[in-house]
Amino acid sequence: MTVGSSKTIPAFYAGQSIFLTGATGFLGKMLIEKILRSCPDVREIFLLIRTKKELTFNERLEKLLNLPLYDKLREENFSSFEKIVPISGDVSEKELGLSVADRQMLVERVTIIIHTAADVKFNNSLKYAICTNTRATRDICILAQSMKNLKALVYISTAFAHLNKTFIEEKLYPPIADWRKMIEIAEMLDEHTLNIFMVKYLHYVPNTYIFSKNLAENIIQEYSSFLPCAIVRPSVVSPSIDEPIPGWIDNLYGPMGIFVGGAKGILRVGYLNKTTGQDFVPVDIVTKAVLVVIWKLGLTTSTTGSSTFVLNCTSQRLNTYEQDIQMLFDVAKKDIPFEGIVWTPHTILTDSFVQFYILTILLQILPALLIDLVLKFFGRQPMLLQLLRRIYVANCAVGYFSFHNWKYSNVNGLTLMSLIPPENREEFSFEYANFCRRNYLKNSSTGIKQFILHEDVNLLQLDAVKARNKRVYLLVRIIKTIISIGVLWIIYRWIYFYTL
């Protein structure tokens, strides 16, 4: 491989046609915004979008572009939206569900592929995970082979694709299984039969998501012999640190969902190792890293048999789960309070599953049953028990990652950042080691309130919520005092009775 001219990043993207999968996902939305705002001369962006819940792919695109995420772009360069070309398709279907005409259009015009699409649910069936995350990656590579002017194919993997390693280098590792055989088996067998053998297939990985992403990396490795490929491995993708809105978020997967449950006073116990470091990376940092990787790949002269460029997009500065959760709760109490809390924000963290299970029943399930009964009595829809069930499943899934520590090489990241032209560093640097963690968590809490919970974040409303929450804190103290007095009275009566 030899590196070409030091063309600036926006200049490189001028005239390029990009094919983006996963456009309606968290990272996909951010990539659309960043490309159109920071690389305004890009020719077009083809978005693979599937029909969903009675909405056509065009209606889904219209709904997507109305998000507050695009307000800045809408004000600065509204005409840039005309460069978006929706394509009907589905990564869970064979050959991406593309029509013959759309496929031919992509072959003729696309110069860059960004494959972010994936089903990130940990508890999906093995069949669905393989078809959506593994087979789709193969089909993307087959499509890329037909593109004569392809400059870069970037695959978004995960930093947790190789859990059997304690130190993850920026290189490719042997896969858990043969991806060709797994795709063949997934297409041939029904879900019930596959699930019976799932434990054997998964080997050392905890879920089907990690397994399918591990195999997909090997697909990219094989096709990189004749395609300009790169892999970006982000850790837990978290709210934006700065662009285009500090704290932008559109989902509550993983740790953020657990935090919200705790901040609302619903989640009283967490299955986490409180001393383990939490590795997260803001979504806008990942976005910049992806675009810089493409720029580097596009300016590199590839030769037959070239290796895959790999970037670990992870944090180099970790807080423990306990430190971050306590800081988030402190922010929720003093700065960005949540509405409708049912108890004071406090979550007991334990790495004992037995203790976690018992405390879940005592502190969450039983109170939830009581509250749902009260709601039902007053003619309202009971919902707390169902919510806690979902949180419980998510906590068990996330818990695994808190019981292990992984370290990551960042040599490629440091090299990439040194190559960014000086005039592009402010716009494209993905360095964030020196950020203020509390301010970041404060912005993240604001984003959760505003974009997920749709709560008012103006100062007057926040002051009103703080006042209401203080009354809840007082009520909690009164209840705890009554319970403590009651327990002491029972103990006193028990001692008195047996000393007579």
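Helices and strands in this tour are DSSP runs, helices of type H or I with at least four residues and strands of type E with at least two, numbered from the N terminus. With that in hand, select P244: you'll find it in the loop between β9 (236-238) and α11 (255-263). Keep in mind as you click around that this is a predicted model.

While you're at P244, show the backbone too. The peptide bond running from E243 to P244 is cis, and its omega is near -20 degrees.

**Into the salt bridges**

Next, pick R37 and E33 and show their side chains. They meet in a salt bridge, at 2.6 Å from N to O. Both residues belong to helix α2 (residues 26-38), where they sit four residues apart, about one turn of the helix. Are they buried or exposed? R37 counts as buried because its relative accessibility is 14%, and E33 counts as buried because its value is 1%.

Now slide along to R74 and D71, another pair joined by a salt bridge of 2.6 Å, N to O. These two lie in helix α4 (residues 71-76), three residues apart, again about one turn of the helix. R74 has a relative accessible area of 23%, so it is partly exposed. D71, at 34% relative accessibility, is partly exposed as well.

For one more pair, select E455 and K449. Their closest N and O atoms are 2.6 Å apart, in a salt bridge. E455 is buried, with a relative accessible area of 10%, and K449 is buried at 0%. Then select E33, K34, R37, E243, K288 and E427 together: salt bridges that share partners join them into one network. You've already met E243 at the cis peptide bond. In the whole structure, a search finds 21 salt bridges.

**Two backbone stops**

Go to H454, in the loop between α18 (437-452) and α19 (459-499). What is its phi? The angle is near 55 degrees, a positive value in a residue other than glycine. H454 is exposed because its relative accessible area is 64%. E95 also has phi near 55 degrees, positive in a residue other than glycine; look for E95 in the loop between β4 and α5 (100-109).

**A buried strand residue**

Stay with β4 and select I87, which is in that strand (residues 84-88). I87 is buried, since its relative accessible area is 1%. Which residues does I87 touch, leaving aside neighbours within four places in sequence? Its contacts are F46, L47, L48, I49, F57, L98, D102 and M105. If you'd like to try the distance tool, I87 and G257 are 32 Å apart, C-alpha to C-alpha, and 170 residues apart in sequence.

**Out to the surface**

Turn on the surface and colour R50, K52, K53, K63 and K121, which gather in a patch of positive charge. Within this group, K53 is found in the loop between β3 (44-49) and α3 (57-65). K53 counts as exposed because its relative accessibility is 73%.

For the last stop, select I348, F353, V354, Y357, I358, I361, L362, L363, L366 and L369. Together they make a nonpolar surface patch of about 860 Å². Helix α14 (residues 353-377) supplies the largest share of the patch, nine residues. One residue in that helix is L366, which counts as partly exposed because its relative accessibility is 45%.

Notes. Residues numbered from 1 in each chain as written. Predicted model: local features only at pLDDT ≥ 70, side-chain atom pairs only at ≥ 80, totals over all residues. Heavy atoms only, no water. Patch = residues over 30% accessible without salt bridge, like charges linked within 9 Å, V, L, I, M, F, W, Y side chains within 5 Å. Areas by Shrake-Rupley, 256 points an atom, 1.4 Å probe, with all protein chains shown as cover. Salt bridge = Lys/Arg side-chain N within 4 Å of Asp/Glu carboxyl O. Lys, Arg positive; Asp, Glu negative; His and termini not counted. Charge placed at Lys NZ, Arg CZ, Asp CG, Glu CD. Buried < 20%, exposed > 50% of the residue type's maximum accessible area, 1.4 Å probe, protein only. Contact = heavy atoms within 4.5 Å.
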